[in-house]
Number of protein chains: 2
Amino acid sequence: MRYYDVLVESALPYQILERIGTLLRAEERRLAALCGLKPAQWSALCYLARCNRYSDTPSAVGEYLGTTKGTTSQTLRRLQEKGLLREVADSHDRRVVHWRLSAAGKKMFRNHGPESAIEPFLQGLSKDRDSRNLLQEILRRLQKANDYRSFGICGSCNHFRRLGGGRFQCGLTGESLRAEEASLLCREHQEPVAT
Amino acid sequence: MRYYDVLVESALPYQILERIGTLLRAEERRLAALCGLKPAQWSALCYLARCNRYSDTPSAVGEYLGTTKGTTSQTLRRLQEKGLLREVADSHDRRVVHWRLSAAGKKMFRNHGPESAIEPFLQGLSKDRDSRNLLQEILRRLQKANDYRSFGICGSCNHFRRLGGGRFQCGLTGESLRAEEASLLCREHQEPVAT
DNA sequence: CTAAAAAGTATCGACTCGAAACCTTCTTAG
DNA sequence: CTAAGAAGGTTTCGAGTCGATACTTTTTAG
């Protein structure tokens, strides 16, 4: 034990997390600027690149990013003006609007996405299950604390059903899912009850 | 191993971190709104409440929060207008301005600070050394990745000296430090070379 | 069928943000 | 010692964020 461990309480976990968050935000700003976007626009683009068809509406984007509907609506409109998104009407509910990445949007995400920029620095950190569990536990607590939706990956959801023959289904909507959809984020995601 | 572990890659550590960051930001927004402040103002106030006298200048605040000098200058001015900060001239360098919390600012931080609001949810998580080390390792990597300063706690710095008789000194500036200053964040903080 | 809820849009005002131009004060090279 | 440059800050500009409010359209509940 070092002398300063006695003298000075070291940083609280919250303080470390908060600092990590600040640095990630700075990194986001950098990536956004690289693409000529504002941070909020960049965040929305990245979310839309990773979410499924139940979760690409203004409401869902706003819920994920923690902004209001109005703000979100404006931001999506800006991305559309830049040709990065396209609007898709909902087939069942005429109030609902879906936002999909355009070809240009997909290209931008592929080239400058955060996975390619930041993930490398975390290599070798997450190999063991304990580390990942710690982060997921922190996430779960923050979500529970404020009653936030989990926005987890479709295939890890309690509603996810495998029908056999490589076919999948969402138990909530009853719709069938393509294999590649199973790895996308979903607004309706529910943690399985027990592991 | 669950079936979806085969089918679906689970979230990358970066993605989990990014989500944690987003939720913390949402929480910050909530706390800021509670105090009638904008998020940027709130962040600056919280930083100034926890940093030492070498780190309370517009440059340092901007460096910590990842914003430019101009933006920071404006934000601090707004906080001053609200009576939460006061300006203090530097005794050695007439270019430099220090910002200290006013009585009202201190009271606001005490009553609504993030420690009191968020730390409770993380209780029981960080007791073991491994967990804390993981978070600190992530932080270190992000800092190194972009050449960011560590903004660590004074007493955990390589420059920190204990003179004996409960007196302390900063090896970089040569100035003596009061005991309570040792637990504040410092812009000049350097990790000790070896543990 | 009617009332309420839900999804989304539009607008307002305060503010953020980065960039650029600028001022003052230190520091350093010669 | 002085000139040049670096460093700390401020101001201003324009685009955009953000929350609040009011509003429309569509769906759902009673």
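**View 1. B:Gln41 at the backbone of DNA strand C.** An N or O atom in the side chain of B:Gln41 sits 3.4 Å from a phosphate oxygen of DNA strand C, which fits the cut-off for a polar contact (a pair of N or O atoms within 3.5 Å; within protein, one must be able to donate a hydrogen and the other to accept it, and residues adjacent in sequence count only if both atoms are side-chain atoms). This is a predicted model, where local features need pLDDT of at least 70, side-chain atom pairs count only at pLDDT 80 or more, and totals for chains, interfaces and linings use all residues. Side-chain values use heavy atoms, without hydrogens or water, residues are numbered from 1 along each chain as its sequence is written, and chains are lettered from A, ligands numbered from 1, in the order in which they are written.

**View 2. Chain A at DNA strand C.** Look for A:Ser73, with a side-chain N or O atom 2.6 Å from a phosphate oxygen of the strand. A:Arg77 also reaches a phosphate oxygen there, with a polar side-chain atom 2.9 Å away.

**View 3. Where chains A and B meet.** Here 69 residues of chain A touch 69 of chain B (contact means heavy atoms within 4.5 Å). The rule finds two salt bridges across this interface (a side-chain nitrogen of Lys or Arg within 4 Å of a carboxyl oxygen of Asp or Glu). One pairs B:Arg25 with A:Glu28, at 3.6 Å from N to O. There are also ten residue pairs in polar contact across the interface, both residues at pLDDT 80 or more.
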